[in-house]
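Notebook open, model loaded. I wanted to go through the ligand site, a couple of helices and a few loop residues.

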Amino acid sequence: MKPAYNVIIIGTGAAGFSAGIYSRRYLLDTLIIGEEFGGQTSWGGVIENYPGFKSIEGYELMKRMRDQAEALGAEILEDRVIDIKKEGNCFKVLTKSQREFLSDAIILATGSQRRRLNLPKEKELTGKGIHYCVTCDAPLYRGKEIAIVGGGDASVKGAVLAGQYASKIYLITREKEIRAEPINFQKMKELGDKVEILYQTEVKELIGEDRLEKIVLTKPYKGKEELEVSGLFIEIGSIPNTELAKKLGANLDDKGYLQTDNMMRTNIPGLFGAGDVVNIFGRFKQDITAAALGAVASTSAYEYIKGKDKLCTLHAKAVT
Ligand SMILES: Cc1cc2nc3c(=O)[nH]c(=O)nc-3n(C[C@H](O)[C@H](O)[C@H](O)COP(=O)(O)OP(=O)(O)OC[C@H]3O[C@@H](n4cnc5c(N)ncnc54)[C@H](O)[C@@H]3O)c2cc1C
């Protein structure tokens, strides 16, 4: 690993790898640093809406993106970035393993993390009946009754997947309707009465000592507030990972996403955003949009770097 790069991309999800592919096509010296390989897509299950693949495991799609970025010459490091500072025109990136790198530009493709219900016992029972990843943990519930909280596409996709294992799935949504891709909703409907939707209902309490035994609902189901389930999957969206952006003084929007213009430029010269950490397409956050925004961010990084003499004084290579 070199000490200095034209661009450091933070995040090894769809946005980060796509940014890496484009950065290398612009011949920028590129380092991609990511904590969790493949981001959300690597455990998001089968992907059937990414052009070029009728159906592909998310993990496999990410491997292909990584291989493409690597083949083009991007360097990839598995690590967590804990701090970024801007000194003059130079960004200084510090990782958890205490490695330090310099770069002319930064692309933040840090995605998001799962939203929690924030109920008492939620933390203690995580992994003991409470889960945030249907793809990873649904196989533990073969022949068991489970509940999924959420009313969006991820929860419906989760119900379809969990349908292969669980004997019964309660889909709990506080909304009056489910907002999912129609094709996923149709697949869930094909599971018949294995999936029951509890509309305008929330989980208000978690019961269980060493593992989850019951949940308490805000609206009674069949006359009872308590529902016995072996597992509860929480699919209520995500929170953008913007700690690094905040530390750098980047502007966030009113929902807490990294604010950019439509070329993915932030208020800080040389800092760009891409993927689920920004809110350009609102609720619509997919691999195709993440990859597209990564490509745009790299284009803007290239425009920012090219033609300038020496941005980062310690940088070895001038870009023309
Ligand atoms: C259950 C589920 C199913 C889905 N199904 C589909 C689908 O069928 N089709 C589809 O198109 N989309 C699907 N999506 C959405 C898709 O996965 C996301 O839109 C996509 O992952 C966004 O990519 P990203 O690169 O912006 O962020 P992420 O995938 O969230 O990746 C963020 C990356 O940043 C890294 N990171 C964060 N902070 C740091 C740090 N400080 N230092 C280093 N690295 C850091 C993470 O480790 C990770 O590598 C699904 C999502 C979920 C949750």
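**Entry 1: the ligand shell.** First a reminder to myself that this is a predicted model. I started at the ligand and found 36 residues around it. G11, G13, G39, G111 and G275 come closest. I then looked up which elements supply two or more residues to this shell, and got α1 (14-25), β2 (30-34), α4 (153-162) and α7 (287-305). Sorted by class, the shell holds 17 polar, 12 nonpolar and seven charged residues.

**Entry 2: α7.** I picked α7 from that list of shell elements. This helix is 19 residues in length, and from its first C-alpha to its last I get 27 Å, close to the 27 Å expected at 1.5 Å a residue. Which of its residues are buried? I noted D287, A290, A291, L293, G294, V296, A297, S298, S300, A301, Y304 and I305. The cover over these buried residues includes β1 (4-10), α1, β3 (46-47), β8 (100-108) and β19 (271-273). So α1 turns up twice in my notes: α1 helps to cover α7, and α1 also gives residues to the ligand shell. After α7 comes G307, with a positive phi near 80°.

**Entry 3: α4.** Next I took α4, another contributor to the shell. Is this helix mostly covered or mostly open? It is mostly covered, as eight of its 10 residues are buried. I wrote them down as A154, S155, V156, K157, G158, A159, V160 and A162. They pack against α3 (134-137), β11 (145-149), β12 (168-172), α5 (182-189), β13 (195-198) and β17 (231-234).

**Entry 4: α4 against α5.** I looked at this helix pair on its own. The angle between α4 and α5 is about 35°, and their axes are 9 Å apart. The crossing is left-handed. On the α4 side the contact uses D153, V156, K157, A159 and V160, and on the α5 side N184, F185, K187 and M188. By class, I have five nonpolar, three charged and one polar residue in this contact. V156, K157, A159 and V160 were also in my list of buried α4 residues.

**Entry 5: L72.** I moved on to the loop between α2 (58-71) and β5 (75-78), where L72 sits. Why does L72 count as partly exposed? Because it has 15 C-beta neighbours inside 10 Å, and being buried takes 20 or more. Leaving aside neighbours within four places in sequence, L72 is in contact with I21, R24 and R25. R25 is 47 residues away along the chain, yet the C-alpha atoms of L72 and R25 are separated by 7.4 Å.

**Entry 6: positive phi, no glycine.** I flagged two residues here. Q98 has a positive phi of about 65° although it is not a glycine. I found Q98 in the loop between β7 (90-95) and β8. Q98 counts as exposed because it has 8 C-beta neighbours inside 10 Å, and the cut-off for exposed is 12 or fewer.

K121 also is not a glycine, and its phi is positive at about 80°. K121 belongs to the loop between β9 (112-114) and β10 (130-131). With 16 other C-beta atoms within 10 Å, K121 is therefore partly exposed.

Note on methods:
Residues are numbered from 1 along each chain as its sequence is written. This is a predicted model: local features need pLDDT of at least 70, side-chain atom pairs count only at pLDDT 80 or more; totals for chains, interfaces and linings use all residues. A residue is near a molecule or strand if its C-beta atom, placed from the backbone, lies within 6 Å of it. Helices (H or I, at least four residues) and strands (E, at least two) are DSSP runs, numbered from the N terminus. Ala, Val, Leu, Ile, Met, Phe, Trp, Tyr, Cys and Pro count as nonpolar, Asp, Glu, Lys and Arg as charged, and the others, Gly among them, as polar. The expected span of a helix is 1.5 Å times one less than its number of residues. Two residues are in contact if their C-beta atoms, placed from the backbone, lie within 7 Å. Axes are lines fitted to C-alpha atoms, for helices over the stretch in contact, and angles run from 0 to 180 degrees between N-to-C directions. A crossing is left-handed if the near helix is turned anticlockwise from the far one by less than a right angle, and right-handed if clockwise.
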